[in-house]
Amino acid sequence: MATAGEFSAEEFTCVVERHRPQIFRFLLASTRDVDLAETLTQECFLKAHRNWGRFRGDSSAMTWLMRIAINLQKDHWRNRRMQFWRHTQSNSVDLDEASEWLPSGESSAEKQLLAREQVQRVWESVKGLSERQRTVFLLRYVEERELSEIAQATGLSEGTVKAHLSRALGRVRAELGGKR
Amino acid sequence: MSGMERLAGKREEVEGAAELDAGEPVDAALEEALTNFRMSVHAWSDAALSRPRTAAQVVRHRSWRLAVGWALAAVLMVGGLSGGMFERHQRIERERIAAAARLAEQQKAIREQQAMDENDLLAAVDSDVSREVPNAMEPLAQLGAEGAK
């Protein structure tokens, strides 16, 4: 007979397998650094594992994990600011490199070029967003989360989430419109 | 580019779900840009997740470390020995200087003692000679004194 601890471990393994890609993707989009995103993803699941017993299921496991990931990412940037004079190097890839990943499929070369340009402009807009706006924007338009989920994960009200999204979208629109 | 094939099928699904927020008028270009951005991030993430990971083998040069260890031990031993010898030499030197100083001090004290003894003897003789004049010589001494007047 499986003990409670063993059952919990099995359950947690399923959670990791199911949600790891999304958490990693969100952290990758936030940091543009593959190694850092992997490290933060590991930390996220480590933290989740330690606190798994305290997870009450008020929100979905995904929202709970996303909340941990957002906090880790915030801590990371805060520490980076503190360590500015000690370590200024960043491993984030530049926007050109990030825009290299394009939808291909049946698209023509011209369409691909256009898509690449659009993706680069969106990356530029995202780079200019505040930390909170960027988080909300990525959760909505990359992870396709509902506003209520974003509100739970960020600890903001839905109204505030909408306001951040509106500003972020305005920036993207300006970037796309201004350089077209 | 890996992960791109999967995107072709995923595109329709994502495009269908590209519902932007209520109250935000969204033009086709913005919607298309956001869809491309989403798919680009998904492709990048999928490729990064499925990339092969190489574990670097850490080669430990044990013999080199052993040699360094022995050399360090030898240096420490030689340092300790020479330090001890130097310390011993210094101690002997200090003792020799202290003994010489003590001897000089003793000799000085002896010389002072001798000088004091001689002075006392001379003073005693002088006192004896000058103060105790024999009675028989007293008139002659008075005469000498009057003559001097």
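The exercises below concern a predicted model with chains A and B.

**Exercise 1. Describe the secondary structure of chain A and of chain B.**

Step 1. Start with the count for chain A: eight helices and zero strands. Read from the N terminus, its elements run α-α-α-α-α-α-α-α.

Step 2. Turn to chain B, where the count is four helices and zero strands. Its elements run α-α-α-α from the N terminus.

**Exercise 2. State how much of each chain is buried and what accessible surface it has.**

Step 1. Chain A has 180 residues, of which 46% count as buried. Its accessible surface is about 9900 Å², with 48% belonging to carbon and sulfur atoms.

Step 2. Chain B has 149 residues, of which 18% count as buried. Its accessible surface is about 11800 Å², with 60% belonging to carbon and sulfur atoms.

Step 3. Add one figure on contacts within chain A. Among its contacts with a separation of 6 or more, 64% are between residues 24 or more positions apart.

**Exercise 3. Compare the span of H2(B) with the expected value, then decide whether the helix is enclosed or not.**

Step 1. H2(B) has 22 residues. The expected span is 1.5 Å times one less than the number of residues, which for H2(B) comes to 32 Å.

Step 2. From the first C-alpha to the last, H2(B) reaches 31 Å, close to that expected value.

Step 3. Buried means under 20% relative accessible area. In H2(B), 18 of the 22 residues are buried, so the helix is largely enclosed by the rest of the structure.

**Exercise 4. Locate Arg38(B), classify it as buried or exposed, and find what its side chain reaches.**

Step 1. Arg38(B) lies in helix H2 of chain B, which covers residues 28-49.

Step 2. Its relative accessibility is 2%, so Arg38(B) counts as buried.

Step 3. The side chain of Arg38(B) reaches the backbone oxygen of Tyr141(A) at 2.7 Å.

**Exercise 5. Describe the largest nonpolar core and the elements that supply it.**

Step 1. The core has 55 residues. Those with the most contacts inside it are Ile23(A), Phe26(A), Leu65(A), Met66(A), Phe137(A), Val161(A) and Phe37(B).

Step 2. At least two residues of this core come from each of these elements of chain A: H1 (4-31), H2 (34-50), H3 (61-82), H5 (109-128), H6 (131-141), H7 (147-154) and H8 (158-178). H2 of chain B also supplies at least two.

Step 3. The most is given by H3(A), with nine residues.

Step 4. Take Phe137(A) as a case, leaving aside its neighbours within four places in sequence. Its contacts in chain A include Val122(A), Val126(A), Leu129(A), Val142(A) and Leu165(A). In chain B, Phe137(A) is in contact with Leu34(B) and Phe37(B).

**Exercise 6. For Arg32(A) and Glu144(A), give phi, the place in the chain and the exposure class.**

Step 1. Arg32(A) is not a glycine, yet it has a positive phi of about 55 degrees. Arg32(A) sits in the loop between H1 and H2 of chain A.

Step 2. At 15% relative accessibility, Arg32(A) falls under the 20% cut-off and therefore counts as buried.

Step 3. Glu144(A), also a residue other than glycine, has a positive phi near 55 degrees. The loop between H6 and H7 of chain A holds Glu144(A).

Step 4. Partly exposed covers the range between the 20% and 50% limits. Glu144(A) has 27% relative accessibility, so it counts as partly exposed.

Terms used:
Residues numbered from 1 in each chain as written. Chains lettered and ligands numbered in written order. Predicted model: local features only at pLDDT ≥ 70, side-chain atom pairs only at ≥ 80, totals over all residues. Heavy atoms only, no water. Buried < 20%, exposed > 50% of the residue type's maximum accessible area, 1.4 Å probe, protein only. Polar contact = N/O pair within 3.5 Å; in protein donor to acceptor, adjacent residues only side chain to side chain. Areas by Shrake-Rupley, 256 points an atom, 1.4 Å probe, with all protein chains shown as cover. Core = buried A, V, L, I, M, F, W, Y, C linked by side-chain atoms within 4.5 Å. Contact = heavy atoms within 4.5 Å.
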